[in-house]
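Q: I'm new to this structure and would love a close look at one part of it. Could you pick a single residue and show me how its surroundings fit into the whole chain?

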Amino acid sequence: MKKILITGASGFIGNNLVKKIDKKKYDVFKLESSLHDLNDIKNWGIIPNCDYVVHLAAKTFVPESWENPSLFIKNNLNTTLNALEYCRKHNSKLILLSSYMYGEPMVKPTPESHELKVKNPYALSKFLSEYTSNFYNNFFEVNLIILRVFNIFGPEQPQHFLISKIISQIFTEKKINVKSLLPKRDYLYVDDLSLAIIKSIEYNGEHKVFNIGMGKSYSVKEIIDIIQRNLKINLDITYEQDSRREEINETLADINLAKSELNWKPKYNFEDGIKLLLS
């Protein structure tokens, strides 16, 4: 039986992935950030030899990355470096979860070949992690897949993320307040991300980098409208006419490469995911 090491296994994405992996096919070893300091290379020495490493553990909230950039960069790069060293030692395949890094794109939907434009410290940490991973792939022959994940939503997501925050406001405060109604994002339901990760584990082709998203974008206003329609409510919406630092107007993933190479495509459209989240 193949063994899979999952870092950040108790997090929002990791917890969902653990539920979706076929336990008859894979033996799962969970490495939880709350219990293991992944920055300490010594802690990686106690891990048994695994065939695959799915590296999910990272600091991810963009506004927080502006407040403490060095923490985000050091943590996300160093834990990736330790994962790469583990893979080099044990001849393991690394599945690295990266992020959107195309800035204000020249092309929408945006393909993997688009110029990378880092616009915040979180994205910088992922850019450096990708660069380091590619170095290990080129010079140490570490088998590597990079998933550039667009926005994810689903059950148990921390409440400081937009969709969770909106739903929490509805049920606890009976009101909706956001910074702006305008930014558009490509949102993917978390179950579809888990399937993409599993497909990446099984992939033996030549491509290394894949966009993982829905291929359709929604504004904050459209998201609120869909949530309210499903709840059959019509709460007032207030907004601050403000935007986050270095805000990007719209993200939209070109997922054709993942469709053709990974044999993956989203199972749920955005409204299906919202219905599941609210059920």
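A: Happily; here is a walk from the whole chain to one residue, Glu222, and its surroundings.

Please keep in mind that this is a predicted model. The protein chain is built with 10 helices and 11 strands. Its C-alpha atoms fill a box of roughly 55 × 40 × 40 Å along the principal axes. For 279 residues, a compact globule would have a radius of gyration near 19 Å, and the protein chain agrees because its own value is 19 Å. Of these 279 residues, 49% count as buried. The accessible surface comes to about 13700 Å², and carbon and sulfur atoms account for 49% of that surface.

Now let's zoom in. Glu222 sits in helix α8, which covers residues 220-231. Is Glu222 buried, partly exposed or exposed? Its relative accessibility is 34%, so Glu222 counts as partly exposed, since that class lies between the 20% and 50% limits.

What does Glu222 touch, once neighbours within four places in sequence are left aside? Its contacts are then Lys184 and Ser217. For a sense of distance, take Asp186: Glu222 and Asp186 are 36 residues apart in sequence, and their C-alpha atoms are 12 Å apart in space.

Stepping back to the chain, consider contacts between residues at least 6 apart in sequence: 80% of them join residues at least 24 apart. As for charge, the protein chain has 37 positive and 33 negative charges, and the mean positions of the two groups are 3 Å apart.

Note on methods:
Residues numbered from 1 in each chain as written. Predicted model: local features only at pLDDT ≥ 70, side-chain atom pairs only at ≥ 80, totals over all residues. Heavy atoms only, no water. Helix = DSSP H or I, 4+ residues; strand = E, 2+ residues; numbered from the N terminus. Rg over C-alpha atoms; globule rule 2.2 N^0.38 Å. Buried < 20%, exposed > 50% of the residue type's maximum accessible area, 1.4 Å probe, protein only. Contact = heavy atoms within 4.5 Å. Areas by Shrake-Rupley, 256 points an atom, 1.4 Å probe, with all protein chains shown as cover. Lys, Arg positive; Asp, Glu negative; His and termini not counted. Charge placed at Lys NZ, Arg CZ, Asp CG, Glu CD.
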